[in-house]
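Open the model in your viewer and keep the sequence panel at hand. This tour goes from one selection to the next.

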Amino acid sequence: MQTPGPAMRMEAREAVPPAGAGGRAAGGWSKWVRLNVGGTVFLTTRQTLCREQKSFLSRLCQGEELQSDRDETGAYLIDRDPTYFGPILNFLRHGKLVLDKDMAEEGVLEEAEFYNIGPLIRIIKDRMEEKDYTVTQVPPKHVYRVLQCQEEELTQMVSTMSDGWRFEQLVNIGSSYNYGSEDQAEFLCVVSKELHSSPHGLSSESSRKTKLLQARGTRM
């Protein structure tokens, strides 16, 4: 009887199923694995599932005792939301987190923690922290005030403005009255300030300064 050559011995080794292998194909054990996640079937390779060796999916396809039943097609039954499983599986395939614009990162994080995929958990948490930081950086707003004053008060009021307030516009409202022996015109002075708001509202310092300006120049 002829002794098997190297090529024949290699084929024989490849036909031996790995520990705990899934579906069986013609001529040996298949490298493909079917997962039934919440009623949706996903097809992937054993190599993809084993990419994160400490993950639930890696332990599942390596035959560890994880109490996972199978459906009538032999797919592993996993009682989780299939909506968020797609990004999980794609991350294992190519190492990148790709989400649809309407998909909540919190949902993917919850699943990543269930499947114990450490690198993906860190990526999502970093993205969420960066997004929270961006939200807190509220763009500055411009606050405008209209102050009514007499002609003789105008120069003093404009020159004493501080704390970020600046002169914008002066409007002669066209009404004058006799003050002593001279006619005094009335003006509307428009001032503005760039206000950096916090997510909780305007600063108390700005509110205090506004009251001072109103008390000094406003005529109701």
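**Start at Y115**

Select Y115 and show what surrounds it. Leaving aside neighbours within four places in sequence, Y115 is in contact with V37, S55, F56, L57, I78, R80, F85 and I88. Keep in mind that this is a predicted model.

**The largest nonpolar core**

Now add L35, L57 and F85 to the selection. Together with Y115, these residues touch the most other members of the largest nonpolar core, which has 29 residues. Next, colour the elements that give two or more residues to this core: β3 (32-37), α3 (56-61), β5 (76-78), α4 (85-94), α5 (105-115) and α6 (118-136). Which element gives the most? It is α4, with five residues.

Then look for another core, which lies apart from this one. That second core has twelve residues, among them V143, C149, W165 and C189.

**Along α4**

Return to α4 and show its side chains. F85, P87, I88, L89, F91 and L92 are buried in this helix. Step past its end to G95, which follows α4. The phi of G95 is positive, near 80°.

**E111 in α5**

Move on to helix α5 and select E111. Is E111 buried or exposed? E111 counts as buried because its relative accessibility is 6%, and buried means under 20%. Show its surroundings, again without neighbours within four places in sequence: E111 is in contact with R80, D81, Y84 and I88. Two of these, R80 and I88, are also in contact with Y115.

Technical notes. Residues numbered from 1 in each chain as written. Predicted model: local features only at pLDDT ≥ 70, side-chain atom pairs only at ≥ 80, totals over all residues. Heavy atoms only, no water. Core = buried A, V, L, I, M, F, W, Y, C linked by side-chain atoms within 4.5 Å. Buried < 20%, exposed > 50% of the residue type's maximum accessible area, 1.4 Å probe, protein only. Helix = DSSP H or I, 4+ residues; strand = E, 2+ residues; numbered from the N terminus. Contact = heavy atoms within 4.5 Å.
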